[in-house]
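Take a look at the chain below. This report walks through its overall build, its two parts and a few residues worth finding.

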Amino acid sequence: MSREKSAELYEKSKEYFPGGVNSPVRAFKSVYGTPLFIDKGDGPYIWDVDGNKFIDFCASWGPLILGHNNPKIREKVTETALKGMSFGAPTAIENELAELILKNNKFIQKLRFVSSGTEAVMSAIRLARGYTKRDKILKFEGCYHGHIDSLLVKAGSGLVTFGETSSAGVPESFAKETIVVELNNIDAVKQAFKEYKDQIAAVIIEPIPANNGLLLQEPEFLQALRDITSKEKALLIFDEVISGFRVGFEGAAGYYQIQPDIITYGKIIGGGMPVGAYGASREIMANVSPEGAVYQAGTLSGNPIAMAAGIAQLTELSRSGFYKDLNNKTQEFAESIQRFASARNYKVRIQQIGSIFWIAFTDREKTQAASQIDPASMEKFKVFHRECLNRGIYFGPSGYEVGFISSTHTKTDLEVAKRAIFEALDLTFKH
Ligand code: PMP
């Protein structure tokens, strides 16, 4: 399998972009080899610039739930593009996508479109602060919420700590407004509310944490978060940038039947175009400018092309039976990899929910963050990732990232992928 053209392009791109990329994980730093430059995608497949074909489980990190180059999305985008790319003025197509979302999702009553998940979360945090007139935010170790200053923080030592910045360029004073606690540990949350009485504006969580592997939370924990935030008059924010429209049309809120105060979305809403959104009750959203005092704006927000892609994609997702088929297919796939690994006593655990899965090189169930994941397991992932690539299977280039299955992955594709994955596992455990 030649990777010559990718290597050449990477040499060039390193002159243009820091680390040769426009988003860090793409640089393949935590796996073997240089990044593949992708030429095209169709259904469950991608082709790199050297002409190698892969079954893709990265799906552009989640948005492509209908696979690559879906004809309905492509047609709707093309038809819309013929009328112009952007107006910075209201368009009917924004109403159309909003209606599709709000009619099928009882957890939000009003929303605002933005252009990325990061922007959605940043705006939701400002809204929570503006609404509660409090400053502190409580987040969980191992949850990622985009590259926002106040959320690029990690836990210090101790049960309840102010965050420590996890990126250069984030002032300590910003990090001090963020409290970081362990996932799935309600006592830590209770203690934080005690220590910072009437200071916490919001608790933000990925209800299905999928950025440090897939750290499924106990439903009772999520419910306890709902209860304590209500009692303490803080808002509960579900960051559903990954889980939204992925585990079901109503995302994790629908899956667990828990009503958060604000929900953030991204990825899937745009069908591959840059879109995010945040939504809440009419009462909370009334605080957003120009109706209220919380300022938030965007030149390209509600961009017609992005709305078009979203409408085409969500229309498919709203059809009955869509999620059932997809989720069943993913469950079968995950279970058979687990069976294979268990039969050979490999320390592998497949976590799965909806059409999200994570192949973890551990034998313990994980509900908490990366710091508890044995770094040695990431060495195993490196080998596994290389051997999968060599066999035409593309996973995101980091052992902390989850995989996604799309409606276009057929039974045959999944059989082919499984055979390659089994071989890759055998080689991984020979090392
Ligand atoms: N929140 C979550 C839960 C995410 O997974 C991500 C990105 N993977 C973001 C926020 C940020 O979204 P974006 O990359 O679109 O800015």
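Some classes come first: Ala, Val, Leu, Ile, Met, Phe, Trp, Tyr, Cys and Pro count as nonpolar, Asp, Glu, Lys and Arg count as charged, and the others, Gly among them, count as polar. With these classes, the shell around the ligand divides into five nonpolar, seven polar and two charged residues. Keep in mind that this is a predicted model.

**Around the ligand**

Which residues come nearest to the ligand? Of the 14 residues around the ligand, they are Ser116, Gly117, Thr118, Gly146 and Val241. Helix 4 spans residues 117-132. This helix gives the most to the shell, with three residues.

Lys267 deserves a look here. A UniProt record, an unreviewed entry, places the feature "modified residue: N6-(pyridoxal phosphate)lysine" at Lys267. Lys267 is found in the loop between strand 12 (262-265) and strand 13 (276-280). Is Lys267 buried or exposed? Lys267 counts as buried, because it has 27 C-beta neighbours inside 10 Å, and the cut-off for buried is 20 or more. Leaving out residues up to four places away in sequence, Lys267 touches Gly62, Pro63, Gly117, Val241 and Ile242. Gly117 and Val241 are also among the residues that come nearest to the ligand.

**The whole chain**

Now step back. The chain has 13 helices and 17 strands. Its C-alpha atoms fill a box of roughly 55 × 55 × 45 Å, taken along the principal axes. What radius of gyration would a compact globule of 431 residues have? The value would be near 22 Å. The chain has 21 Å, so it agrees with a compact globule.

Buried residues make up 48% of the 431 residues. Contacts also reach across the sequence. Among contacts with a separation of 6 or more, 72% join residues 24 or more positions apart.

**Two domains**

The chain is divided into two domains. Domain 1 takes residues 4-69 and 320-430, and domain 2 takes residues 71-317. Their C-alpha centres lie 25 Å apart. The contact takes 25 residues from domain 1 and 29 residues from domain 2.

Look at the side of domain 1 that touches domain 2. The elements that give two or more residues to this side are helix 11 (322-343), strand 14 (349-353) and strand 15 (356-360). Strand 15 gives the most, with three residues. The residues of this side divide into 15 nonpolar, nine polar and one charged.

**Strand 15 and the loop after it**

Ala360 is found in strand 15. Ala360 is buried, because 25 other C-beta atoms lie within 10 Å. Residues up to four places away in sequence aside, Ala360 touches Gly213, Val348, Arg349, Gln351 and Lys366. Ala360 and Val348 are 12 residues apart along the chain. Their C-alpha atoms are separated by 5.6 Å.

Asp363 lies in the loop between strand 15 and helix 12 (375-390). Asp363 counts as exposed, because it has 12 C-beta neighbours inside 10 Å, and the cut-off for exposed is 12 or fewer. Asp363 and Lys347 are 16 residues apart along the chain, and their C-alpha atoms are separated by 4.9 Å. Not counting residues up to four places away in sequence, Asp363 touches Lys347 and Arg349. Arg349 is also one of the residues that Ala360 touches.

**Backbone exceptions**

Most residues other than glycine have a negative phi, and most peptide bonds are trans. Here are some exceptions.

| Residue or bond | Backbone value | Place |
|---|---|---|
| Asn69 | phi near 55° | loop between strand 3 (53-56) and helix 2 (71-81) |
| Asn184 | phi about 55° | loop between strand 9 (178-181) and helix 6 (186-195) |
| Ser289 and Pro290 | omega about 10° | Pro290: loop between helix 9 (282-285) and helix 10 (304-317) |

Asn69 has a positive phi although it is a residue other than glycine. Asn184 has a positive phi too, and it is not a glycine. How exposed are they? Asn69 counts as partly exposed, because it has 16 C-beta neighbours inside 10 Å. Asn184 is partly exposed, because 19 other C-beta atoms lie within 10 Å. The bond that joins Ser289 and Pro290 is a cis peptide bond.

Definitions and conventions:
Residues are numbered from 1 along each chain as its sequence is written. This is a predicted model: local features need pLDDT of at least 70, side-chain atom pairs count only at pLDDT 80 or more; totals for chains, interfaces and linings use all residues. A residue is near a molecule or strand if its C-beta atom, placed from the backbone, lies within 6 Å of it. Helices (H or I, at least four residues) and strands (E, at least two) are DSSP runs, numbered from the N terminus. The radius of gyration is taken over C-alpha atoms; the globule rule is 2.2 Å times the number of residues to the power 0.38. Two residues are in contact if their C-beta atoms, placed from the backbone, lie within 7 Å. Domain bounds come from an automatic or database domain assignment. UniProt positions are given in the numbering used here, feature names are shortened, and annotations may be inferred rather than shown by experiment.
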